[in-house]
Amino acid sequence: MDFIITKYHYWFYVSLMMVGLYAMIVKKNFVKKLVGMNIFQTSIILFFVSSATKIHATIPIIQETEGIINPAHYMNPLPHVLMLTAIVVMVSSFGVALALLIMIYKKYKTLDEDEILDIMRNKQ
Amino acid sequence: MIRRFKNVVIETVCRLMTPFLQLFGLYVIAHGHYSPGGGFQGGCILGSSFILMAISYDIDFAKKYMSEIKATVYACLGVIIYGGIGMVCLLIGANYLDYGILHTILPVDLARARAMGILGIEIGVGITVMAVMVSIYLNLVSGGRHVEEKVE
Amino acid sequence: MIVLEHAAILVVVIPLLVSFFNVIIGLWKKNLCYPMTVLTLGFCLILTVNIIVSVIEIGTFSYRLGGWTPPWGIEYVIDHLNAYIAIIVSFISFIFAIYSRKSIEKEISSEKIPYFYTLYLLLAAGLLGITLTGDLFNIFVFLEITSLSAYALIAIGDENAPLASFNYLIMGTIGACFYLLGVGYLYISTGSLNIADLAGLLPGLYHSKTIIAAFGFFIVGIAVKIAFFPFHIWLPDAYTHAPSAVSAFVASTMTKVGAYVMIRIMYTVFEPRFSTDILPITAILGWIAAAAIIFGSILALAQKDIKRILSYIIIAEVGYIVMGVSIANKSGFTGAVLHIMNDALMMACLFSVAGAIIYRTGSRDIYTFGGLGRKMPFTMAALFVSAVSIAGLPPTAGFFSKWYLLLGTIYEKKWIFAGSLIFSSLVNAVIFFRILEIVYFKKHPQTGLIKEVPMSMLIPILITAGGILITGFYSGDIISSIIRFAVPREF
């Protein structure tokens, strides 16, 4: 029980990841699969950002009047910066995927996986 | 089919909000290396000001201010500013993106030169992100057609 | 000279900057895009030749980005394995930039051509960035640049291409996310992202569950990206429906660079004894690689579409490389690294021949290839050379890499792996001799106006076929001067 209570945030990220993976595998509509992929990537970003916090720490901005600084009082800014890059990657892959969906819709007039497979099978 | 829904309240309020949005976006870019903010965040806010115009008025109205060709050219200009600052550092003699060497050509000291270099890079990133946000929106909303929609 | 000092970073930055200049110049004058692309990639080829000559003379060297000392800054570390793969990638990107002009004019509408060259340069910059960098998160960023350009380039092919590219996008993004999770676990445990620094910090932590989970995520993420056996589903559709120049370039380079990342993680970031003794992943990878080889070869036998046959052969070739990596002795590793170069050249030659046939006849079905031996003699000669190389006959390059792989499996007494290698060579011989029989001995169904392909497409085909023969003859020199220093010390 202690195992679940002290690490509750990791359970939260893993359950978000599994929700995203479930949506990608099970849902038939392409847009829902894409939203599942987005949830999956968001959970990874949450996991990284949460690894930057420290107990009783403040934001990593130094005021000019400080003398010698103790790093234990400031949060770690590096995972935040890495996740800025990951968010940009997430947004651009989402944009490319939506543009691809527009091309698919123009051709097949539907975005449902089963109907598209039927159309492809009937064409051959 | 994109219908223009004329409503005086929406149009006036959004038109008044846009300069404040853009000023706030520039503020976020400029304070990026000293407080929360930076190129990507400020660029998103700047892009959203154009998208607000497209939502509240009409897509043609927004295209008058930022057409698709202009958005593409701005996106490339932003990356060229970023890479250009790095190449200037390389040509002067230090490694790529080593802003410290800029103190030999700008009339500032070493620490200030690093801050100026980072600010220049954030500006490049902000311009690119603004252009890409507007370009994604215009592409998706027009259904990939990129033609003038008739207003009903 | 200033160019040669900074060669390591210029190889990556110059295609990146020129690709954005390309958009602006393409909006002004469309005809300037092709010469600019070819000149840029030629310049990168000269720089990578300079890099590999420097590495052979002075050994490993590194370049600090921004002047920051590692591990606080990003550094580009060039050693023998890096330089070897960088020169392969830049050579192939230069060759296909020349090839792409006539081939793309027929397949894409003319206002999209400047954007095609932009994406092509971005893809080349991303691949060179993955190869040369020494920082794990930098590999993720360049991996995503490469993959996004590939998704967009594949989607402008024929009518089924957007759906194939969408499948590739979903699976590729999951692979990259798993890689990012692995990087995150390593960062939480050690606090560093630099490859050389991690190699020093990790040996004390091999008992920790976080590190074992990180290793698992890395292997699965990279396996999705290189289309290793259970995760290969996106590859046949994506490479079949893409434009010819794109599928040739992407097929020769992307899976090989992914295999390079796997070698880096298994043998540089983690020590070889982690993969063989502590977490015996090499045994599992070896069996899955044997399954990939057998499965890929048998499925290739069942296809009628030439590009689909070649795509299933790529799945088998990736199986060869991973089997060589997982055998974990000196000749197996040498065979795997040599096979990276040979497979890149063979796939470049085969896909460019397929593109030439599609350019002239418009059909991909192999039963309509009759009579082409007489009408397109040089192209079919290149097909013959690369078919002999895939079947593994001397003196072509394919024989030497298969020889080292077989030696490696025999030293470890793994007879089933050796049997799968021989079985796959026989099946490849059957596939290609069937195609060669149709090409040389059957008549053409219609007497159309089929001539040899234009010069700008023929020269890359002949250069790659000549490359297969030349690297076959000089395999010994290549191994003794480059690959011998890339093998880990413990083997």
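Chain C exposes about 16,900 Å² of surface, and carbon and sulfur atoms supply 68% of it. The structure is a predicted model, with an ipTM of 0.95 and a pTM of 0.94. For chain C the mean pLDDT is 91, and 99% of its residues reach 70 or more.

Chain C is built from 21 helices and 2 strands. Its radius of gyration is 22 Å, close to the 23 Å that the globule rule gives for 491 residues, so chain C is as compact as a globular protein of that length. Along the principal axes, the C-alpha atoms of chain C fill a box of roughly 70 × 60 × 45 Å. Of the 491 residues in this chain, 64% count as buried. The contacts of chain C can also be sorted by distance along the sequence: among those with a separation of 6 or more, 80% are accounted for by residues 24 or more positions apart. Chain C carries 29 positive and 24 negative charges, and the mean positions of these two sets are 8 Å apart.

Chain A can be read in the same order. It has 5 helices and 0 strands, which gives the pattern α-α-α-α-α along the sequence. A compact globule of 124 residues would have a radius of gyration near 14 Å, but the value for chain A is 21 Å. The box filled by the C-alpha atoms of chain A, taken along the principal axes, is roughly 75 × 40 × 15 Å. Buried residues make up 29% of the 124 residues in chain A. Of the contacts in chain A between residues at least 6 apart in sequence, 48% join residues at least 24 apart. The accessible surface of chain A comes to about 7,800 Å², with 68% belonging to carbon and sulfur atoms. The side chains of chain A include 11 positive and 8 negative ones, and the centres of the two sets lie 10 Å apart.

Chain B can be entered through a single residue, M130(B). This residue is found in helix 5 of chain B, which covers residues 110-141. Buried means under 20% relative accessible area. M130(B) has 10% relative accessibility, and therefore counts as buried. Leaving aside neighbours within four places in sequence, M130(B) is in contact with G43(B), L46(B), G47(B), F50(B), M66(B) and Y74(B). A further residue to locate is F40(B): M130(B) and F40(B) are 90 residues apart in sequence, while their C-alpha atoms are 8.5 Å apart in space.

Note on methods:
Residues are numbered from 1 along each chain as its sequence is written. Chains are lettered from A and ligands numbered from 1 in the order in which they are written. Side-chain values use heavy atoms; hydrogens and water are left out. Helices (H or I, at least four residues) and strands (E, at least two) are DSSP runs, numbered from the N terminus. The radius of gyration is taken over C-alpha atoms; the globule rule is 2.2 Å times the number of residues to the power 0.38. Buried means under 20% relative accessible area, exposed over 50%, partly exposed in between (1.4 Å probe, protein chains only). Contact means heavy atoms within 4.5 Å. Accessible areas come from the Shrake-Rupley method with a 1.4 Å probe; for residues, only the protein chains shown count as cover. Lys and Arg count as positive and Asp and Glu as negative; His and the chain ends are not counted. The place of a charge is taken as NZ of Lys, CZ of Arg, CG of Asp or CD of Glu. pLDDT is the predictor's confidence in each residue, from 0 to 100.
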